[in-house]
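Please find below a short set of numbered remarks on the model under review. They deal with helix geometry, helix packing and selected side chains.

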Amino acid sequence: MIRIGILLVVILAILAVRWFLKTPRETSGKQLKQIVWIAAALFLAILLLTGKLSALIALLGVLLAFIVRSMPIILNYGPQLHRIWLKFNASKQQEQGKSSGAVRTAGMTKAQALEVLGLKAGASDEEIIQAHRKLISRVHPDRGGSDYLAAQINQAKKVLLKR
């Protein structure tokens, strides 16, 4: 019985690959989504009829508990993960040839740095340093502030002073 099932799966896979290669991309994408949903529904029905659905529900419970327990770690490293995500998207867009001036990169522009420090264009080095000191004394992590905000303020100072 198992051999017949495996043979049927192999034949269906071969037919599916042939169909997928022959059909246009637009229609095959929509139909492929429908096939995946139908296959998932059939899989759940088979699990329900054989009494194995409880194992799948237990697995989902374990995954949910893992996500809930790892949430503090994810939130702690959120700013770093966001920065990595921005770098990934910037490199991905550059690979696709969309590296125009409108694409936001992970780096900070002078305009953004001025906005972070609350300065106007043409600010002197002394004004930049004073604005940095004033803001960093409020949001420094040692005083209960945010690591992310402190990093943004420090990066703004570096961008404006070109260090």
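How many residues does helix H3 have, and what distance does H3 reach from its first C-alpha to its last?

1. In this predicted model, helix H3 covers residues 53-76, which amounts to 24 residues. The distance from its first C-alpha to its last is 35 Å, close to the 34 Å expected at 1.5 Å a residue. H3 nevertheless bends by about 45 degrees at Ser70, and a proline, Pro72, follows within four residues of that position.

2. On solvent exposure, the number of buried residues among the 24 of H3 is one, so the helix lies largely in the open. Leu63 is located in H3 and counts as partly exposed, because its relative accessibility is 45%, between the limits of 20% for buried and 50% for exposed. Its C-alpha atom is separated by 23 Å from that of Thr50, 13 residues away along the chain.

3. Helix H2 precedes this region in the numbering and spans residues 25-50, with 26 residues in total. H2 reaches 37 Å from its first C-alpha to its last, close to the 38 Å expected at 1.5 Å a residue. Just after H2, Gly51 adopts a positive phi of about 80 degrees.

4. Which residues form the aromatic pair? The structure holds one such pair. Trp85 and Phe88 are its members, and their arrangement is tilted, with 5.8 Å centre to centre and 35 degrees between the planes. Both residues belong to helix H4 (residues 78-95), where a spacing of three residues separates them by about one helical turn. Phe88 counts as partly exposed, at 44% relative accessibility.

5. The packing of helix H6 (residues 125-139) against helix H7 (residues 147-161) merits a separate entry. Their axes lie 10 Å apart and make an angle of about 175 degrees. This angle is over 145 degrees, and H6 and H7 are therefore roughly antiparallel to each other. On the H6 side the contact is made by Asp125, Ile128, Ile129, His132, Leu135, Ile136 and Val139. On the H7 side it is made by Leu149, Ala150, Ile153, Asn154, Lys157, Leu160 and Leu161.

6. Is Asp147 buried or exposed? Asp147 is found in helix H7 and is exposed, because its relative accessible area is 52% and the limit for this class is over 50%. The C-alpha atoms of Asp147 and Asn76 are separated by 9.6 Å, although the two residues are 71 residues apart along the chain.

Technical notes: Residues are numbered from 1 along each chain as its sequence is written. This is a predicted model: local features need pLDDT of at least 70, side-chain atom pairs count only at pLDDT 80 or more; totals for chains, interfaces and linings use all residues. Side-chain values use heavy atoms; hydrogens and water are left out. Helices (H or I, at least four residues) and strands (E, at least two) are DSSP runs, numbered from the N terminus. The expected span of a helix is 1.5 Å times one less than its number of residues. The bend at a residue is the angle between axes fitted to the seven residues ending there and the seven starting there. Buried means under 20% relative accessible area, exposed over 50%, partly exposed in between (1.4 Å probe, protein chains only). Rings of Phe, Tyr and Trp (its six-membered ring) pair if their centres lie within 6.5 Å; planes under 30 degrees apart count as stacked, over 60 as edge-to-face and the rest as tilted. Axes are lines fitted to C-alpha atoms, for helices over the stretch in contact, and angles run from 0 to 180 degrees between N-to-C directions. Angles under 35 degrees count as roughly parallel, over 145 as roughly antiparallel, 65 to 115 as roughly perpendicular and the rest as oblique. Contact means heavy atoms within 4.5 Å.
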